[in-house]
Amino acid sequence: MYIPFEFVKVFRVRSAGNTSNWKNFDWENWEEYLDSEAIWIQMWVQLDDPAQKEAYLEFLNAHAEGQKRLGRMLR
């Protein structure tokens, strides 16, 4: 089932897919769950050629590096 992403907070919808984390937190505490380092969002993208793939990989790497500079995604 697909719903608008904003509904996740409104209805406190948890992922039915894989959820993994490397830090401890209270899974029952909604705000702590959202603020955690847990991986619970899976995305699919369509990349039509190698250039799009390379650009997307650069975007993801830049995002991860930016988050590391903020003290997140330390693994």
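## Accessibility and basis of the model

Buried denotes under 20% relative accessible area, exposed over 50%, and partly exposed the range in between (1.4 Å probe, protein chains only). The model is predicted: local features need pLDDT of at least 70, side-chain atom pairs count only at pLDDT 80 or more, and totals for chains, interfaces and linings use all residues. Residues are numbered from 1 along each chain as its sequence is written, and side-chain values use heavy atoms, with hydrogens and water left out.

## Salt bridge in helix H3

A salt bridge requires a side-chain nitrogen of Lys or Arg within 4 Å of a carboxyl oxygen of Asp or Glu; the count under this rule is 1. Lys68 and Glu65 form a salt bridge through their side chains, at 3.7 Å from N to O. Both residues lie in helix H3 (residues 50-69), 3 residues apart, and are therefore separated by about one helical turn. Helices are DSSP runs (H or I, at least four residues), numbered from the N terminus.

Lys68 is partly exposed at 36% relative accessible area, and Glu65 is partly exposed at 41%.

## Nonpolar surface patch

Phe5, Ile41, Met43, Val45 and Leu47 make up a nonpolar surface patch with a combined accessible area of about 490 Å². Patch residues have over 30% relative accessible area and no salt bridge, and nonpolar side chains (Val, Leu, Ile, Met, Phe, Trp, Tyr) are joined within 5 Å. Areas come from the Shrake-Rupley method with a 1.4 Å probe.

Met43 sits in the loop between helix H2 (30-35) and H3 and is exposed at 63% relative accessibility.

Technical notes: Helices (H or I, at least four residues) and strands (E, at least two) are DSSP runs, numbered from the N terminus. Patches are made of residues with over 30% relative accessible area and no salt bridge: like charges are joined within 9 Å, nonpolar side chains (Val, Leu, Ile, Met, Phe, Trp, Tyr) within 5 Å.
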